[in-house]
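Student: Could you walk me through this structure, feature by feature? I would like to learn how to read it for myself.

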Amino acid sequence: MAGTIWIPGAERLKPSAPGGTITSNAPPRVVWHTTEADPGTSSVWAAMIRVLTNKSAEPQILYDPLTDRLGQFLPLNVGGRALRNDGSTMTNRVGKVCIQVEVIGRAAKPFTGYWKPGKNFRAMMTAIRSWGIKDSWPAGPPPRFVASPPHNVPESPRSRTIWLNRGGHYGHSHIPGNDHGDPGAISVTALFAASGAPPKELFTVGQYENLMQQIKNEGAATRQEVRRQAIWALRYGVQTEDERAQANRAFDDAIDAGKSLKEALAAAARVLQPIADDLERAARKNG
Ligand SMILES: [Zn+2]
């Protein structure tokens with residue numbers, strides 16, 4: 001499927017060099033970043049262009065979530081430069097397209113909490129979908145980012161298996177071989193709602209099983225641990241907003257009370273257990 005190469009309405013920005021040629025046959029994908037600056041002004045817009053070109057770290061797309069300003073450094077069908085390689089894997093070139101979006105904002109303050117998306121945002125999402133990229137997050141939604149000391153909550157497993165094999169939307173925080181924690185816990189529901197999207201598909205039992213298998217292959221020890229990780233990876237796909245908020249609160253309370261990451265995950269898993277049980281029952285019934 002050949003899609004849109006230049007997004008209608010996007011300002012053309014001058015890159016430091018042309019983008020890399022893509023030869024990958026992996027499914028098409030998007031990677032979301034935040035530039036770690038405050039959006040909304042033309043001075044910051046100009047500064048971000050300078051910073052990204054000076055570092056030779058341009059994405060294909062630059063977006064200001066407050067003004068809906070949209071810029072494009074590179075055609076969507078070549079590699080961007082905002083990711084680090086993973087050993088010998090050229091991360092920026094994984095996927096038939098690997099579209100990177102730098103949103104002017106901060107990972108610790110998710111932009112979907114205050115943004116004003118408009119027609120340029122919709123044009124960008126339409127272009128993304130034109131490549132057959134689904135409204136899904138194969139590694140789960142981006143985890144929360146805590147600025148000091150910088151870390152993600154929960155820690156992202158940065159699964160190589162998922163990244164190399166599955167298309168859809170990713171955060172920089174999901175990518176193997178990288179250590180940045182952006183774009184933070186943006187609301188994936190708000191993101192797709194603002195794109196004039198069809199309603200998001202729920203995860204199927206088959207997808208859940210595949211994910212369990214992948215996590216197991218990567219060495220999670222027990223069945224319980226596999227299930228817990230799968231629940232976390234899928235948590236935004238299978239729960240209501242309310243259940244998700246309850247699970248997040250249980251997790252945060254445990255961390256605040258000085259519990260270990262493992263104990264906090266267990267606290268959240270207790271909230272989500274009925275959902276996991278349903279999925280397992282359905283999986284067993286389907287053989
Ligand atoms: Zn990034």
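Tutor: We will go through strands, a helix, unusual backbone angles, one loop residue and the nonpolar cores. Please keep in mind that this is a predicted model.

Student: Let's begin with strands. Which way do β3 and β4 run, and how many bridges join them?

Tutor: Strand β3 covers residues 61–64, and four bridges join it to β4 in the antiparallel sense. You can find the pairs in the model: I61 stands opposite Q72, and D64 has R69 as its bridge partner. The two strands form a hairpin with four residues between them. In that turn, look at D68, which has a positive phi of about 65°.

Student: What other strands pair with β3 or β4?

Tutor: β4, residues 69–72, is also joined to β1 by two bridges, and those two strands run parallel. There, E11 has G71 in β4 as its bridge partner. β3 pairs with β5, residues 98–103, over three bridges, again in the parallel sense. For that pairing, look for Y63, whose bridge partner in β5 is V103.

Student: How do I read the two faces of a strand?

Tutor: In a regular strand the side chains alternate between the two faces of the sheet. Now try β3: I61 and Y63 are on one side, L62 and D64 are on the other, and all of them are buried. Both faces of β3 are therefore covered.

Student: On to helices. How many residues does α1 have, and how far does it reach?

Tutor: Helix α1 spans residues 42–54, which makes 13 residues. From its first C-alpha to its last, α1 reaches 18 Å, close to the 18 Å expected at 1.5 Å a residue. Just follow the chain onward and you come to S56, with a positive phi near 55°.

Student: What should I make of a positive phi?

Tutor: Most residues other than glycine have a negative phi, and most peptide bonds are trans. S56 is not a glycine, yet its phi is positive, about 55°. You will find S56 in the loop between α1 and β3. A second case is R158, also not a glycine, with a positive phi of about 45°. R158 sits in the loop between β7 and α3.

Student: Why is S56 called exposed, and why is R158 called partly exposed?

Tutor: Count the neighbours. S56 is exposed because it has 11 other C-beta atoms within 10 Å, and the cut-off for exposed is 12 or fewer. R158 is partly exposed because it has 17 such atoms within 10 Å, a count that lies between that cut-off and the 20 or more needed for buried.

Student: Where are the cis peptide bonds that you listed among the backbone features?

Tutor: One is the bond from S148 to P149, with omega near -15°. P149 is in the loop between β6 and β7. Another cis bond joins D182 and P183, where omega is about 10°. P183 lies in the loop between β8 and α4.

Student: Now the loop residue. What does A26 touch?

Tutor: A26 lies in the loop between β1 and β2. Leaving aside residues up to four places away in sequence, A26 touches V94, G95, K96, L164 and N165. Take V94: the two residues are 68 apart along the chain, while their C-alpha atoms are separated by 6.5 Å. A26 is partly exposed, as 16 other C-beta atoms lie within 10 Å.

Student: And how do I find a nonpolar core?

Tutor: In soluble globular proteins, nonpolar side chains tend to be buried together. Here, the largest nonpolar core has 42 residues, and those with the most contacts inside it are V30, V31, Y63, I99, V101, M124 and I128. The elements giving two or more residues to this core are β2, α1, β3, β5, α2, α3 and α4. Its largest share, five residues, comes from α2. Apart from this core lies another, of seven residues, among them A264, L265, A268 and A269.

Student: Which residues does V30 touch?

Tutor: Not counting residues up to four places away in sequence, V30 touches I99, V101, I128, I133, H169 and Y170.

Notes:
Residues are numbered from 1 along each chain as its sequence is written. This is a predicted model: local features need pLDDT of at least 70, side-chain atom pairs count only at pLDDT 80 or more; totals for chains, interfaces and linings use all residues. Two residues are in contact if their C-beta atoms, placed from the backbone, lie within 7 Å. Two strands pair if DSSP finds at least two bridges between them. The expected span of a helix is 1.5 Å times one less than its number of residues. A nonpolar core is a set of buried Ala, Val, Leu, Ile, Met, Phe, Trp, Tyr and Cys residues joined through C-beta atoms within 7 Å.
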